[in-house]
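User: I should like to go through the packing of this model in a series of questions. Please give the reasoning before each result.

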Amino acid sequence: MFRFLLNPNSTLLRIYSFRELSSASASASAVDYLTNTLGFARKTAIAVAGELNIKTSTRPDSVVQLFKHYGFNPNHIATIVSKHPSILLADPIILEPKLQFFSDNGVSGSSLVDMVSTDPLILRRSLQNKIIPSISFLKEFLPADHNIDSLLTAKRGTWLVHKFSRQMMPNVETLRSHGVPESSILRILTLRPQALSFNADEFKGVLTRAKEMGFDEKSTTFIHGVYSLCAMKKGKWESKVSVFRSFGWGEEEVIALFVKQPTIMHHSEARIKKPLDFFMNELGWKREDVSKYPTVLFLSFEKRVVPRCRVLQLLIEKDLLSRKRMGRALIISEDQFIKVFVSSYEKKIPELLDVYQNNNVGLPQSAVSI
């Protein structure tokens, strides 16, 4: 096993910490090290060196050699350092056991390289309090045909290590007792692990509340609803509901919308108010119209809603399109929209593509309702 003992007379491992270092000007020695040893372009090296204070190459050389021992090539190391410069000054005697533990527990070779290159901050996590217990938890939870490395190298896969809590296992068992499918549990575990860090009793209360609202525990929206409720205190929920009330919604209608599209409550009050005002006041949509197409509340106004509404309103005014098709027209893909609502009518309205693409043309004042 590869070991770095910077203090061979000591029998205790020193506590590892990444030092946040700053300097008014980039260290010349750091720039030289980054360009000559790691192959950085000089401009990039100057930017990265501002976070380093390399007085000698002893520590950085040890870190580089450690990474190379575990299969990292110079490009991988440069990527890691560009994302997290101070790792060059980390204590190898603390880094090495973490790398070795991952290697011994299913995350080795190219998987280890991919994981650390994507998220070098994972090496800041405590070996005893985060890395070991999270990997042990995964070994107990994951089915036999699901490898740990495939999870940790997936997008956001390392979030579990960062957010690990000993509450996770009892909360997973609670999900199972409510009939939540293993695939959904794995999804919340990888995408929203912080939700599973809730106090066990409070988490049970969240599940009960979600089911009372009407969420189906076997649906994928259940997980999103649970996360939203975990992430939002009662006062914040009331504040967001009050925005809907200002547009004439009752709380039961808001809950029904939330069950259909739970991510609506991830947004701020201002972000909820803007689309509601546009669709309900400017376009004349009713509450049931918004409820039928809730995803319109998340669409970009500048890139999608306003350009498409210009086209749709023109088609409606010329009796070429039914108002009832407007909601669907806003949520389909770009290619579909151009094919169905622009190209199909260009012979009758030659300027239609220009109307769609001209960002200087605003939406006419007359309301358009479904």
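User: Against which helices do the buried residues of helix 10 pack?

Analyst: This is a predicted model, in which local features need pLDDT of at least 70, side-chain atom pairs count only at pLDDT 80 or more, and totals for chains, interfaces and linings use all residues. Residues are numbered from 1 along each chain as its sequence is written, and side-chain values use heavy atoms, with hydrogens and water left out. In helix 10 (residues 168–177; helices are DSSP runs of H or I with at least four residues, strands runs of E with at least two, numbered from the N terminus), the buried residues (under 20% relative accessible area, with exposed over 50% and partly exposed in between, for a 1.4 Å probe and protein chains only) are M168, M169, N171, V172, T174 and L175. Counting contact as heavy atoms within 4.5 Å, these buried residues pack against helix 7 (127–141), helix 9 (159–162), helix 11 (182–191), helix 12 (200–213) and helix 13.

User: Is P133 buried or exposed?

Analyst: P133 lies in helix 7 and is in contact with L127, Q128, F164 and R166, leaving aside neighbours within four places in sequence. The C-alpha atoms of P133 and F164 are separated by 8.0 Å, although the two residues are 31 apart along the chain. The relative accessibility of P133 is 10%, so P133 counts as buried.

User: Which helix gives the most residues to the largest nonpolar core?

Analyst: A nonpolar core is a set of buried Ala, Val, Leu, Ile, Met, Phe, Trp, Tyr and Cys residues joined through side-chain atoms within 4.5 Å. The largest one has 119 residues, and L34, F67 and L276 have the most contacts inside it. With eight residues, the greatest contribution to this core comes from helix 18.

User: How are helix 18 and helix 20 oriented to each other?

Analyst: Axes are lines fitted to C-alpha atoms, for helices over the stretch in contact, and angles run from 0 to 180 degrees between N-to-C directions. The axes of helix 18 and helix 20 (residues 334–342) are 11 Å apart, at an angle of about 20 degrees. Angles under 35 degrees count as roughly parallel, over 145 as roughly antiparallel, 65 to 115 as roughly perpendicular and the rest as oblique. Helix 18 and helix 20 are therefore roughly parallel.

User: How many residues of the contact of helix 18 with helix 20 are charged?

Analyst: R308, V311, L312 and L315 of helix 18 meet E334, F337, F341 and V342 of helix 20. Ala, Val, Leu, Ile, Met, Phe, Trp, Tyr, Cys and Pro count as nonpolar, Asp, Glu, Lys and Arg as charged, and the others, Gly among them, as polar. The contact of helix 18 with helix 20 thus divides into six nonpolar, no polar and, as charged residues, two.

User: How is helix 13 oriented to helix 15?

Analyst: The axes of helix 13 (residues 220–231) and helix 15 (residues 251–260) come within 9 Å and cross at roughly 120 degrees. That angle makes the orientation of helix 13 to helix 15 oblique.

User: Is D319 buried or exposed?

Analyst: D319 is found in the loop between helix 18 and helix 19 (326–331). This residue has a positive phi of about 60 degrees although it is not a glycine. Its relative accessibility is 70%, so D319 counts as exposed.
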